[in-house]
Amino acid sequence: MSSLIKTLTSTGPGFRLICLGLLLLGLLPGSGPARAQGPPLPLARLRVVRDSLSHLLARDTRPDTQRVSRLNTLAFALRMNAADESLALTRQALRLARQLDFARGLLEAEFNLSYYLRAHSQYDSAIYYARLALPLAVRTGNRYTQTRVNYNLARIYQEQGNYAAALGPSLDGLALARAMGSPRVLLFQLVMAARIELALDEYATARAYMNEARPLAGPAHDLMSTGYLSQVAGDLSRQQQQWRAARDHYAQALASYAVVTNKPGLIDMQLSMAEMAERLADYPVARRAGRELLRQAHAAGRPEHEARAALLLARAWLPARPDSAVYYATRALATARPRHLRPQARDAAQVLAEASDRLGRGHAAYQYQALAGAYADSIGGEDNGRRLAAVQARAARSRTGIELNVVRQRERLLRQRQELERLRTQRQLAGIGALVLGALVLAGGLFWRYRRRQQRRQSTRDAALRQRLAADLHDDVGALLTQISLQSDLLREAPAPPEATLARLNRLSDTSRRAARQMADVVWGLHTSSAQLPEVLAHMRDHAHEVLADADLAVDFAVSPAAAALHPGVAVCQNLYLIYKEALHNVVKHAPRATRVTVRLTEDAGRLCLSVRDDAPGPAPIARPGGHGLANMRQRAEAVGGALNVVAEATGFDVVACLPG
């Protein structure tokens, strides 16, 4: 705060007025963690804040904690209306917070990144950063951000349809929000809980949460939370086919969102209102809104909204002009199918079946009806499975609470029994003294023999460890250090133009980093716990986000349950990790046009199969000139009885290693 006061006193009156305004809005550091990332600002005020904070960042470029806080604050303020700029600011804040070991700044950056990834449906990475942020929020005592992380996790799982997983963070966030007593925080958690119950068709429970949240809208002083409350109330009415009530709720939500959200951010709510107009048979209104929203969704590059708008137009034209309904339903189906938007694809197929029947095209109507039925069966089966899993999770959570009470009662009884046993033991000590002494002597002799046996085994393990460590250091780190030495000699003894010198320095820097990473992996491999598959998978996931994030590559990391249940040996686990690391290095080095890396671990006939695939346009060569990466990976796979294959296609390069499970 003192540095901020110095800044204010050393600048002109106009700039001081802007900074004081930002302080009053709670957007500069020093206004408290709970207000630093508070409610979204109206668009008019957001422009002032954006310009002011951008000016502060450009004016003061010192890499300190204050800059981290400003980057995080501006990134969060722009999260809904300038997502790409928000992402760039968040990554800057994350890198600087790591360099400074600034826990609060790191927490806010990880939460912002998780929020962005969730909003862009990159759920695996969003969960990864949310799980990094949650223990950091607990450790730093930041209960406000802890509730936000729980909310974000619950919403990620809810959007994935994983209601069982969503219940845990939702209930945890709700309990913490009740303890905090903040109306805004509690309102969001209550609406999230209602949204999950609504997805489970638990209307009574959802309505109870909504009734509890409604009185908090005024004290919360937040247009976004008020709009969110109205939106979920509309969803509840819609699911119960109360179309007019749903439309009224959506209109209230739209009025709140319009103050803080730009035009593309309102498409979803405008679609919901237009869909209610169609349900109420107000077809002219639905058609006018549908045409405009279809244009906006296509221009904004939002296929899920484009499919909904086309489907809305198809339904609105069905009673009057079946041929127009066929046109728009066909467009909705073509947009939904390749993007796996199955509810929209099902509804589009249903409209096509009805329109074809009205046009006398019986065969086409039958085909579309069969397609709609297939989608309905698939969606219904998955929904039933998800609801069953959620019911089981809820029962398990309730059972855990009951079991905790039983455990407490048992502990009380146990303490009473222990007290009685202590009294009895005091009376019997004189009689059993000799027996205890004899037992101690016998135990001492057995322990001495056990220690000698353990020392001999430890000596054997130490010898094997030294041999393996020497081999790793000689083969990997030694080779890299030799390259560094040769490159340094060349740089010193052979003068070259500046461009060539810079290229040599870059190669030297890259080789040094690889040597450091290889040394770190050798040290990590010394730990006995690292020989287990779960620890190796966790290390692989962390390594992917560390290496690929700096190269602006998105990562999709997934492990099948069958693969996670395998128990490979120590050598297989270590060679699996080394092959994986080499594959990621090849992507970063040889696939500059890649944007995403997909990592899959599966089980195939008892074998553990690793697939690392990039999406760089190709075809990529099977072997690159002068490279030894594929040969090294193949040699490591064959060393433990496995095999390695590579697939080069026009859509990417895939490395597949199958090792004994």
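**Surface patch**

I looked first for nonpolar surface and found a patch of about 700 Å² made by Leu 429, Ile 432, Leu 435, Val 436, Leu 437, Leu 440 and Val 441. For the record, patches are made of residues with over 30% relative accessible area and no salt bridge, with nonpolar side chains (Val, Leu, Ile, Met, Phe, Trp, Tyr) joined within 5 Å and like charges within 9 Å. Accessible areas come from the Shrake-Rupley method with a 1.4 Å probe, and for residues only the protein chains shown count as cover. One of the patch residues, Ile 432, lies in helix α21, residues 362-493. Ile 432 has a relative accessible area of 35% and is therefore partly exposed, given that buried means under 20%, exposed over 50%, and partly exposed in between. I note that helices (H or I, at least four residues) and strands (E, at least two) are DSSP runs numbered from the N terminus.

**Source of the model**

I keep in mind that this is a predicted model, in which local features need pLDDT of at least 70 and side-chain atom pairs count only at pLDDT 80 or more, while totals for chains, interfaces and linings use all residues. Residues are numbered from 1 along each chain as its sequence is written, and side-chain values use heavy atoms, with hydrogens and water left out.

**Helices α15 and α8**

I checked the length of helix α15 (residues 243-260): at 1.5 Å a residue its 18 residues should span 26 Å, and the end C-alpha atoms are 26 Å apart, which agrees. The expected span here is 1.5 Å times one less than the number of residues. In α15 I listed Ala 246, Tyr 250, Ala 253, Leu 254, Ser 256, Tyr 257 and Val 260 as buried. An α-helix has 3.6 residues a turn, so residues three or four places apart point the same way.

I then turned to Tyr 123, which is found in helix α8 (residues 123-140) and is buried, with a relative accessible area of 18%. Its C-alpha is 6.5 Å from that of Ile 156, although the two are 33 residues apart in sequence.

**The sheet**

In what order do the five strands of the open sheet run? I read the order as β1-β2-β3-β5-β4, with mixed pairing; two strands pair if DSSP finds at least two bridges between them. The edge strands, each pairing on one side only, are β1 (554-559) and β4 (643-649). The twist averages 15° from one strand to the next, where axes are lines fitted to C-alpha atoms and angles run from 0 to 180 degrees between N-to-C directions.

I went through the pairings in turn. β1 and β2 (residues 596-604) are parallel over six bridges, with Ala 554 partnered by Arg 596 and Asp 556 by Thr 598. β2 and β3 (residues 607-614) run antiparallel with eight bridges, among them Thr 598 with Arg 613 and Asp 604 with Arg 607. The hairpin of β2 and β3 has two residues between the strands, and there Ala 605 takes a positive phi near 55°.

β3 is mostly covered, with six of its eight residues buried, and it pairs with β5 in the antiparallel sense over eight bridges. Ser 611 stands opposite Val 656 in β5. Val 655, also placed in β5 (residues 652-660), counts as buried at 6% relative accessibility, and its C-alpha is 5.6 Å from that of Ser 611, 44 residues away along the chain.

**Salt bridges**

I found that the structure holds 19 salt bridges, each a side-chain nitrogen of Lys or Arg within 4 Å of a carboxyl oxygen of Asp or Glu.

Arg 308 and Asp 268 meet in one of 2.7 Å, N to O; this pair links α18 (residues 303-317), which holds Arg 308, with α16 (residues 267-279), which holds Asp 268, across 40 residues. Arg 308 is buried at 15%, whereas Asp 268 is partly exposed at 26%.

Glu 306 and Arg 331 form another, with the closest N and O atoms 3.2 Å apart; Glu 306 in α18 and Arg 331 in α19 (residues 322-336) are 25 residues apart. Glu 306 is buried at 11%, and Arg 331 is partly exposed at 27%.

Asp 556 and Arg 600 form a salt bridge at 2.9 Å, N to O; Asp 556 lies in β1 and Arg 600 in β2, so the pair ties together parts that are 44 residues apart in sequence. Asp 556 is partly exposed at 21%, and Arg 600 is partly exposed at 29%. I noted finally that salt bridges sharing partners join Arg 238, Asp 268, Glu 275 and Arg 308 into one network.

Conventions: Buried < 20%, exposed > 50% of the residue type's maximum accessible area, 1.4 Å probe, protein only.
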